Amino acid sequence: MADAAATAATAGHVLIAADKFKGSLTAVQVAERVTAGLRRVAPQVAIEALPVADGGDGTVAAALAGGFERREVRVTGPLGTEVTAAYALRDGTAVVEMAEASGLQLLPEGVFAPLTATTYGSGELLLAAIEAGARTIVFGVGGSATTDGGAGMLAALGARFLDADGEPVAPGGGPLRDVATADLSGLDARLKDVDIVLASDVDNPLTGPKGAPAVYGPQKGATPEDVATLDAALAHFARVLADSGVPKAAQYAESPGAGAAGGIGYGALVGLGASFRPGIDVMLDVLGFAPALKKATLVITGEGSLDEQTLHGKAPAGVAAAARAAGIEVVAVCGRLALPAEALGRAGIRRAYALTEVEPDVARCIAEAGPILEDVAERIARDFLV
């Protein structure tokens, strides 16, 4: 037993904290494949897997892999039809992912609804977590089909948005241009006792050139005309909230994160008393990254594409920053590498290993990501563990 322990200590302790490879491997699968490749070359190495996410799609999956319990509930999808959405719960903390209820992946292929998609189901999902006893909610926002400023979410939680005739406005971002009065007094009273953390990897304001419609509307099917309509509607929505006496309604519209997930960040800030934090920082705390890091001699992080976006709040950058602060060496795995060595170094990543270095055919890389990643992990083991 003592000899085995000594061998393991010599080989090191590897912590795998990687995000998903979007479109090919989940974060859990990335960890499994990297582990398999490492073991072929360094069978005695101690390996701990801690799949991570930055608040977008895959956040609930990361929490479940970290020991949270899966809960499911039927909610209103982005098109108004019922969908099954999951959240994660452990010891009074819930991880809720808005994409589970209001995400692009819930739309039929080729179908978009930029003006009418609603976040109502996200509000229902938050309500389900509260009813299950959550007192802290990590609200991961990203991958949305919606641009309604969180109005649907707030309506599901008891807010009222009425037109000039006193009728509820229709779902979606476009109809927000018709809002005449806003009343948040009916929001569920239990929200006051819940700490909601808005976890996101974007810091866009609600409107303007860097706002939700302009930056993210086109990927949700918005034409230039739709973008202009949505931007004007969201600006009007914020003005009505301010005129209705909602505290800091105008200020929150300019706040970092207000434009996250089609403006649901704004709804969470202005109506739910949420606090904004970079998603990866929140998830590292929730998943227990710090204690896991204390045992590590090497950290392996990664995601599908290591590029400029990675450096701005994505999971690998957050993992690398935390590891660098602890003096632990970091390498990364990815499908595609679009960062020079200097940028990787500044981010705290010693070296990055891309699947395209092994298989230049991108389509084949995506189709055979698992086996190729195992081969990449063998290279890491040879370079760092033997």
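## Strand E11 and its neighbours

Let's start with strand E11, which covers residues 298–306 and is mostly covered, with seven of its nine residues buried. Bear in mind that this is a predicted model.

E11 has two pairing partners to look at here. One is strand E1 (residues 13–16), which pairs with E11 in the parallel sense over three bridges. Within this pairing, leucine 298 of E11 has valine 14 standing opposite. The other is strand E12, made of residues 329–337, and this pairing with E11 is again parallel, running over eight bridges. Here valine 299 has valine 330 in E12 as its bridge partner.

How do you get from E11 to E12? The two strands join up with helix H13 (residues 315–325) in a β-α-β unit, and the unit is right-handed.

## The chain as a whole

Stepping back, the protein chain holds 17 helices and 13 strands. Its C-alpha trace spans about 80 × 45 × 35 Å along the principal axes.

What about the radius of gyration? The protein chain comes in at 22 Å, which agrees with the value near 21 Å that a compact globule of 386 residues would have.

As for contacts, take those between residues at least 6 apart in sequence: 72% of them join residues at least 24 apart.

## Burial and surface

Of the chain's 386 residues, 55% count as buried. The accessible surface adds up to about 15,600 Å², and carbon and sulfur atoms account for 52% of that.

## Cysteines without a bond

How many disulfides does a search of the whole structure find? Zero. Cysteine 334 shows why for its own case: the closest cysteine sulfur is in cysteine 365, 9.8 Å away, and a disulfide needs the two sulfurs within 2.5 Å, so this is too far for a bond. Seen from the other side, cysteine 365 has the sulfur of cysteine 334 as its closest cysteine sulfur, at 9.8 Å, again too far for a bond.

Are these two cysteines buried or exposed? Cysteine 334 has 0% relative accessibility, so it counts as buried. Cysteine 365 has 5% relative accessibility and therefore counts as buried too; the cut-off for buried is under 20%.

How values were computed:
Residues numbered from 1 in each chain as written. Predicted model: local features only at pLDDT ≥ 70, side-chain atom pairs only at ≥ 80, totals over all residues. Heavy atoms only, no water. Buried < 20%, exposed > 50% of the residue type's maximum accessible area, 1.4 Å probe, protein only. Helix = DSSP H or I, 4+ residues; strand = E, 2+ residues; numbered from the N terminus. Pairing = 2+ DSSP bridges. Right-handed = clockwise from strand over helix to strand, strands pointing away. Rg over C-alpha atoms; globule rule 2.2 N^0.38 Å. Contact = heavy atoms within 4.5 Å. Areas by Shrake-Rupley, 256 points an atom, 1.4 Å probe, with all protein chains shown as cover.
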